[in-house]
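Please look over the structure below before reading the exchange that follows.

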Amino acid sequence: MKHSFIALIEDKCTSCMLCVRECPAWCIHLDSHTVDVTEEGARRPRKVNVLDSFEIDYSLCMYCGVCIDVCPFDALAWDEHRALVTNNREDMLLGIEELGPSGSS
Amino acid sequence: MTRYALTSDSSVSVEVVSASLACCTLELQAALNSGALTRVSEGGTGPSVIVIAGTVTDALVPSVLELIHSYPGAKVMSFGACATSGGPYWDSPPVSKGIDQFVEVTAYVAGCPPRPDAFIQAIQEISSDRVF
């Protein structure tokens, strides 16, 4: 597998922050909020994290794969779809939309 | 300064000047010798490219700027995370947080280190004068 891109599989992410904390370059930014989910028979609502934003700053990313290794839910994965070259540094900050695995968009 | 042409299309050529500052230098040499580029002795009108490869410390900024300004009209390529943003050393006081604070950068190549094909892609973009 080429180390060319780290893709986010959004629906697997639980906003646990492990990748954010383990990244040696601190290049991942994540925002989330919690919602109450009421289940029948439960004595109180369950708190569930909802992902608001997920950004990888590819101007800092070392492509080391630590985030992929630590993710307990396999929400991050190596992807082959690009070698990032740009003329605008702001383009290197990729959000949920751009981080989708190749073939999904 | 050495002129390189694309092996697949010899009409595309660039002069490459590298500022060798850290480990990305070795990766740059590997990319230059990966087979996708061929060293040519003369000919070609492609632009000059100054490749900043490696960590730019504050102490080195004047020397790097002197190198860049000694090639007027040359395009600047920021090769790797360090030159682009400080990379893994972004929170280190003596490390500059990207050479684009000092000069205009034509191409940023992501990676730590970038892959050779990313470098080749950047060369193609620069030499074709295409807007990214």
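The following questions and answers concern the two chains and their contact.

Reader: What kind of model is this, and how are its residues and chains labelled?
Author: Residues are numbered from 1 along each chain as its sequence is written, and chains are lettered from A and ligands numbered from 1 in the order in which they are written. The model is predicted, with local features needing pLDDT of at least 70 and side-chain atom pairs counting only at pLDDT 80 or more, while totals for chains, interfaces and linings use all residues.

Reader: In which pattern do the helices and strands of chain A follow one another along the sequence?
Author: Helices (H or I, at least four residues) and strands (E, at least two) are DSSP runs, numbered from the N terminus. Chain A has two helices and six strands. Read along the sequence, they give β-α-β-β-α-β-β-β.

Reader: On which side of helix 1 of chain B do the buried residues lie?
Author: A residue is buried if 20 or more other C-beta atoms lie within 10 Å of its own, with C-beta atoms placed from the backbone. In helix 1 (residues 24-32) of chain B, this holds for Cys24(B), Glu27(B), Leu28(B), Ala31(B) and Leu32(B). Because they cover an arc of only 140° around the axis (taken from the directions from the helix axis to the C-beta atoms), they lie on the same side.

Reader: How is helix 1 of chain B oriented relative to helix 4 of chain B?
Author: The two helices pack at an angle of about 70°, with their axes 9 Å apart; axes are lines fitted to C-alpha atoms over the stretch in contact, and angles run from 0 to 180 degrees between N-to-C directions. Angles of 65 to 115 degrees count as roughly perpendicular. Helix 1 of chain B is therefore, relative to helix 4 of chain B, roughly perpendicular.

Reader: Which helix of chain B gives the most to the side that touches chain A?
Author: Two residues are in contact if their C-beta atoms, placed from the backbone, lie within 7 Å. In these terms, 21 residues of chain B are in contact with 16 residues of chain A. Helix 3 (81-85), strand 6 (107-109) and helix 4 (116-127) of chain B each supply at least two residues of that side of chain B. With five residues, the one that gives the most is helix 4.

Reader: Which residue of strand 6 of chain B is the bridge partner of Val85(A)?
Author: Two strands pair if DSSP finds at least two bridges between them. Two bridges join strand 5 (residues 85-86) of chain A to strand 6 of chain B, and these strands run antiparallel. The bridge partner of Val85(A) is Val109(B).

Definitions and conventions: A residue is buried if 20 or more other C-beta atoms lie within 10 Å of its own, exposed if 12 or fewer, and partly exposed in between; C-beta atoms are placed from the backbone. Angles under 35 degrees count as roughly parallel, over 145 as roughly antiparallel, 65 to 115 as roughly perpendicular and the rest as oblique.
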